[in-house]
Amino acid sequence: MAAWLLLLIASPAAPRRASAFRLTQEPHDHRYASAFQSSPRQRDAAHDRHRNDGSSTTLGESAYRDAFDLDSTYRDFAHDTLDDDSLRSAPLEFTYRDAFSGDASTAASTAASTSGSRDPAALIATSAGLAYPMAAPIYVAKSQLPVMMSLKATWSKYADLSSWDGSKPCDQWTRITCWTDGTIRRMEMSGLGLKGSLPGIIGDLTTLQELLITKNWLTHEFPNSLSKLVRLQNLQVWSNYFNHTIPPGLGNLRSLYQLHLNINYFKGGIPSTFSRLTNLYRLFVASNLLSGTFPSVICTMTTLRELRISGNHFEGTIPACVSRLKLLYYMYVDTNRFTGRLPNSIGTMANLQNLFINQNSISGPLPATITRLRKLRILFMSSNPKLTGRLPRNLGNMVGLTDLVMEFCNFSGPIPPSITRLTRMQRLLLDNNYFRGPVPDGISRLTDITILYLERNFLYGTFPKGISLLPKLAYLNLHSNLLTGPLPTNFPNAWFPEWGQYNLRDNFFNGPAVVTAGGRAFCPVNATYRSIFFESSLAKNCLTYPAGSPCVKAGVVQVQVPTHVCKRFCNADTNTCGGKGYCWFGGGRSPSCDCFRGYKPTADKLSCVKA
C-alpha cells in the first residue's frame, strides 16, 4: 500500500485527487476502474443518482458498483429508479471524476488499494504529512459572477439570495453547486414562486450540468439561449406556465439525460430536432397543450427508458414504429385523443413495465401479442369505449402483472380462466364492460389481491367461493351483475377487514340477509351501511330476514327487491331476460330488460328478442 501512496503523493495531481477523496464516505471498489476508461462526460453521468441501498452514508457504494458491472451502454443507469428530488442530497459527482482523472491503470491501482479504508482522504493526507481536510475553498469563477449577480437582482424579490456574494465560497451559496474551478455545475431554484420570464442570461452559464426551476410561476416563451448549455444533462422546468412552443434549440443539448417539461402550457408538437438527443433517458412532456399526431421523432429516440406524453391533445393512431424503443420501461400516452387499433408490434417491447393507454379512443380488440410482455407490471386501458371483443385467452402469460385496469370499455365474453395465473396481482378492475359467465374458479390463487372490481357486467353463477379465500382483499365490488345463491356464512365478518368496503347490491343473492360488521348487526337493504371505516351495500337483492331481526323491526324489508321479481328473475343463471339481456329494477319501477347487442326488449320489457 505504501508504494501506491508514495506514487500518488509524488504526482503533480496528487493534491487535487486527495481533495476529491475528501467528499467520499464509502470505500472504493476495483470495479469502478473500468468505468473510468470512458470519456469525462460518461464517467460524470453515472453519479447523478444513487440508490437507497440501506447505507447510512450519503453515497451508496453499491449504486455505482451495480452500474459499473454493466457494459458502457448501461453503466450510467443506476440512477433511473429514483425521484429527481434525490439530487438535492446526492454528493458532488466530481468527487470521483477528479479522483480517477488519471489513466486506467492508476485508477485501478487507487481503487483496489483503498478498498479496505473507511476514509481514503485521511489516509492519503496523513501519509503526505498534510492537514486534513486539505482542500482550499472554491469561489465562483469571475467569468460567471456577473451572470449570477444579474440573476440575483431578478430573483431576490422572490427568494433570499443574500448568500450569493462573490466574497463567499461557493459551498455557502444557497441552491448552487460549483465545479472545482468555481464554475456553476448545478442550479436548483424550485418552489420559490419565481414569476415573469426565465432570464435568457442563464444560457451564459455554459458549464451547467443540472438546471432545476420547477414549481414556480414562470411564463412566456422558453428562452432559446438555453440551447448553449451543451453540458446540460438534467433540465427540469415542470409545473410552470410556459405557454409557447417547445424551442427546437433544445435539440442541441446532446448531453441531456432527463428533460422534464410537463405541467405547463406548451403548444404545438415535439420538435424534430429532438432526434439529436441520443443520450436521453427520460422525456416528460405530459399535461401540456401539445397537439398533432403521435410525434414520429419519438420513434428515433431509442435510448429512452421513460416516456410521458399524457394529458395533451395528440390524435391519430399509435404507430408501429414505437416498438423501436426497445429499452423503454415506462410508457404513458393516456388522456389524449388516440384512435385506431394498437399495433401488433407492441408485443416486441419486452422491457415495458408500465403501460398507460387509458382515456383515449383506441378501438378493436387487444392485440394478442400484448401477452408477450412478461415484464409488464401495470396495464391501464380503462375509458376506451371503442375497445371491444374478448380479452386474449393467454392473458395469464403476463406473469409480472400487479395492476390490470380495464374499466369502462366494451370488452365482452368470459373473463379468461388464465387470469388466475397472475399470482402477483394486487388490483384487478374489469368493471363496466360486457363480460359474461362465472367468475373464474381459480381466483383464490390471487392471494396478493387487495382490490377486485367486477361490477356492471353480466357475470352469473353463485357467489365465487374463491373470493372468501383471498387474505388481503379489502375492496370488493360485484354490484349490478346476475349473481345468485346464498352469501358465504357469516359474511363478511369471517374474512373481510373491518375497514374494508364491499358492494354486492343489484344482484339476485338469496337466503339470510342479516350480517355483521365490527361485531354489530345491521340491515344492508336501503342503500348502504356507513361507518368511519367503510361504506358497503347488499341492497336490492332477494335476501330474507329472520323474524325479530333488526331489519324487520326497523320496517325496511320492503325496500328489498319485490318478491315477484325475485321469483321471476332469480331462478336459472342464464334465464334472466331469456339469457339475452340484463334485468334492471329499483325503487317503485317495474323490472325491465336491458338487452345485449342484436336484441331488443319485448313489449312487456321482461324478455329480449332479435332486433
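Buried means under 20% relative accessible area, exposed over 50%, and partly exposed in between, using a 1.4 Å probe and protein chains only. Keep that in mind for the whole tour. What you have open is a predicted model, where local features need pLDDT of at least 70, side-chain atom pairs count only at pLDDT 80 or more, and totals for chains, interfaces and linings use all residues. Residues are numbered from 1 along each chain as its sequence is written, and side-chain values use heavy atoms, with hydrogens and water left out.

**Stop 1: helix H9**

Select residues 145-155, which make up helix H9. Helices (H or I, at least four residues) and strands (E, at least two) are DSSP runs, numbered from the N terminus. Which residues of H9 are buried? They are Val-147, Met-148, Leu-151 and Trp-155. Look down the axis of H9: these buried residues fall within an arc of 95°, so they line one face of the helix. That arc is taken from the directions from the helix axis to the C-beta atoms. Pro-146 and Ala-153, on the other side of H9, are exposed. Now show what covers the buried residues of H9, and you'll find S1 and S2 included (contact means heavy atoms within 4.5 Å).

**Stop 2: strands S1, S2 and S4**

Select 176-178 for S1 and 184-188 for S2. These two run antiparallel, joined by three bridges; strands pair if DSSP finds at least two bridges between them. Zoom in on Ile-176 and you'll see Met-187 of S2 opposite. Five residues lie between the strands of this hairpin, and Gly-182 there takes a positive phi near 90°. Why is S2 largely enclosed by the rest of the structure? Five of the five residues of S2 are buried.

Add residues 210-212, which are strand S4: S2 and S4 pair in the parallel sense over three bridges. Glu-188 stands opposite Leu-212 in S4.

Stay around S1 and pick Cys-170 and Cys-178. They form a disulfide (a pair of cysteine sulfur atoms within 2.5 Å), with the sulfurs 1.8 Å apart. The torsion about their S-S bond is about 80°, so this disulfide is right-handed. Both cysteines are buried.

**Stop 3: an open sheet**

Next, show S3, S5 and S7. These three strands form an open sheet in the order S3-S5-S7, with parallel pairing. S3 (195-196) and S7 (241-242) are the edge strands, each pairing on one side only. S3 meets S5 (residues 217-220) over two bridges, and Gly-196 stands opposite Leu-218 in S5.

**Stop 4: rings**

There are 15 aromatic pairs to find in this structure. Rings of Phe, Tyr and Trp (its six-membered ring) pair if their centres lie within 6.5 Å; planes under 30 degrees apart count as stacked, over 60 as edge-to-face and the rest as tilted. Try Tyr-332 and Phe-356: their centres are 4.6 Å apart and their planes at 20°, so the pair is stacked. Tyr-332 lies in S14 and Phe-356 in S16, so the pair ties together parts that are 24 residues apart in sequence. Tyr-332 is buried at 11% relative accessibility, and Phe-356 is buried at 14%.

Then add Arg-308, whose charged end sits over the ring of Tyr-332, 4.0 Å from its centre (the rule: NZ of Lys or CZ of Arg within 6 Å of the ring centre and within 35 degrees of the ring normal).
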